[in-house]
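Visitor: I'd like a close look at one part of this model, its helix packing and any empty space beside it. Could you walk me through it slowly?

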Amino acid sequence: MEALIRWHSPNIGIVSPTEFIKLAEENGLIVRIGEWVLKTACNQAKKWQDKGYPALRLSVNISSIQLIHDGFIDSVKRVLSETDFEPRCLELEITESISVNGFRDVVDKLQALRKLGIHISVDDFGTGYSSLSYLRYLPIDTLKIDRSFVKDIELNDKNKAVVSAIMAIATTMNCRTIAEGVEKFEELACLKELGCKEIQGYIYSKPLSAEQFEVLLEEFNAEASERRYAIKTPSLA
C-alpha cells in the first residue's frame, strides 16, 4: 500500500500534490510536511496491524529536499519509535533525480536507512536523467516502472522494449520491479507475459481514505479465512 497526500482546502476543495508539493519544496515546508505524512501513515498502518490485519508494506514518497536535510535520518528513527512501527514494513520511495545531487551523501543516508531494516525504492523509473553508473551504487530494493511506459503497453512495442529493459536491469541489480498505473486487463496480461510479478494501479483500486481501505482489508481477511477453511476441511466426495 502506498500513502498518498491530498490537501483539503476549505476554500477550493481537494488540491492535488502536483499543485502544492513543488511550492512546499521551494519554501522549505516539505520537511515538516514530509515528517507529518510519514508519522501519520506509520501510525495508521500500526493500528491496522494491531487489529490483526496483514502486515502489509507501507510505501511513502520522500522528497529530495527531505533526504538531503541534516536531520532526516533522526526524524525517521523518531517516527518509527513514536509509532512503534516495524522498519521492515516501511518502504521509502525516492526519484532518480535524487541520486544526481550530493551523490555520496545520498548513498550514505540510504545505507543508514537500509541498516534500520527499511526498504528503498526508485519511483517513476525511466523518466529521470540519472546515469546508470550512479544507479548501480544506490542501495535500493525496488524499481517502480513509470506509468508512461505501462499505458497501452499491449499496443506499443517500444514501451514493451523499455519495460523489458528495466526488468533486466532490476534483475542484474537483484531488485524487484513494480509496474505503476495499470488500469486495463490488457495491460496486466502484457505485463504478465513480460514476466512482471507486481503491479499497482486503478485495476485494483483508486485512491481510498483510510476508512475505505479498511473495508478492503476486511474483505481480504474474510477471503483468506475461507481459503484456509477450504484447505483444512476434508472432501466429502
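Guide: What follows starts from one helix and works outwards.

This is a predicted model, with local features needing pLDDT of at least 70 and side-chain atom pairs counting only at pLDDT 80 or more, while totals for chains, interfaces and linings use all residues. Residues are numbered from 1 along each chain as its sequence is written, and side-chain values use heavy atoms, with hydrogens and water left out.

Let's start with H2, residues 30-50 (helices are DSSP runs of H or I, at least four residues, numbered from the N terminus). Its axis and that of H4, residues 72-83, come within 9 Å and cross at roughly 30° (axes are lines fitted to C-alpha atoms over the stretch in contact, and angles run from 0 to 180 degrees between N-to-C directions). That makes the pair roughly parallel (under 35 degrees; over 145 is roughly antiparallel, 65 to 115 roughly perpendicular, and the rest oblique). The crossing of H2 with H4 is right-handed (the near helix is turned clockwise from the far one by less than a right angle; anticlockwise would be left-handed).

On the H2 side, the contact (heavy atoms within 4.5 Å) takes in Glu35, Leu38, Lys39, Cys42, Asn43 and Lys46. Facing them from H4 are Ser75, Val76, Arg78, Val79, Glu82 and Thr83. By class, that H2–H4 contact holds 4 nonpolar, 3 polar and 5 charged residues (Ala, Val, Leu, Ile, Met, Phe, Trp, Tyr, Cys and Pro count as nonpolar, Asp, Glu, Lys and Arg as charged, and the others, Gly among them, as polar).

Follow H4 and you reach H5, residues 103-115: the two pack at an angle of about 15°, with axes 10 Å apart. H4 and H5 are therefore roughly parallel too, and H4 passes H5 in a right-handed crossing. Phe72, Ile73 and Val76 of H4 meet Lys109, Ala112 and Leu113 of H5. The make-up of the H4–H5 contact is 5 nonpolar, no polar and 1 charged. Val76, then, appears in the contact with H2 and again in the one with H5.

Now back to H2 for the empty space. A search of the whole structure turns up 1 cavity of 30 Å³ or more (on a 1 Å grid over the protein atoms alone, a cavity is a set of points where a 1.4 Å probe fits but cannot get out, a pocket is an open set with protein on both sides within 12 Å along at least five of seven lines, and lining residues have an atom within 4 Å of a point). The largest cavity has a volume of about 40 Å³ (the space filled by probe spheres set on the points, which are joined across faces, edges and corners). Around that cavity sit Met1, Ala45, Trp48, Gln49, Pro54, Ala55, Leu56, Phe85, Phe213 and Leu217. H2 and H10 (210-232) each give two or more of these, with H2 supplying the largest share, 3 residues. The cavity lining is 9 nonpolar, 1 polar and no charged.

H2 also helps line the second largest pocket, as does H1 (17-27), each with at least two residues. That pocket holds about 170 Å³, and its lining is Trp7, Phe20, Leu23, Ala24, Asn27, Leu29, Arg32 and Ile33. Here H1 gives the most, with 4 residues, and the lining divides into 6 nonpolar, 1 polar and 1 charged.
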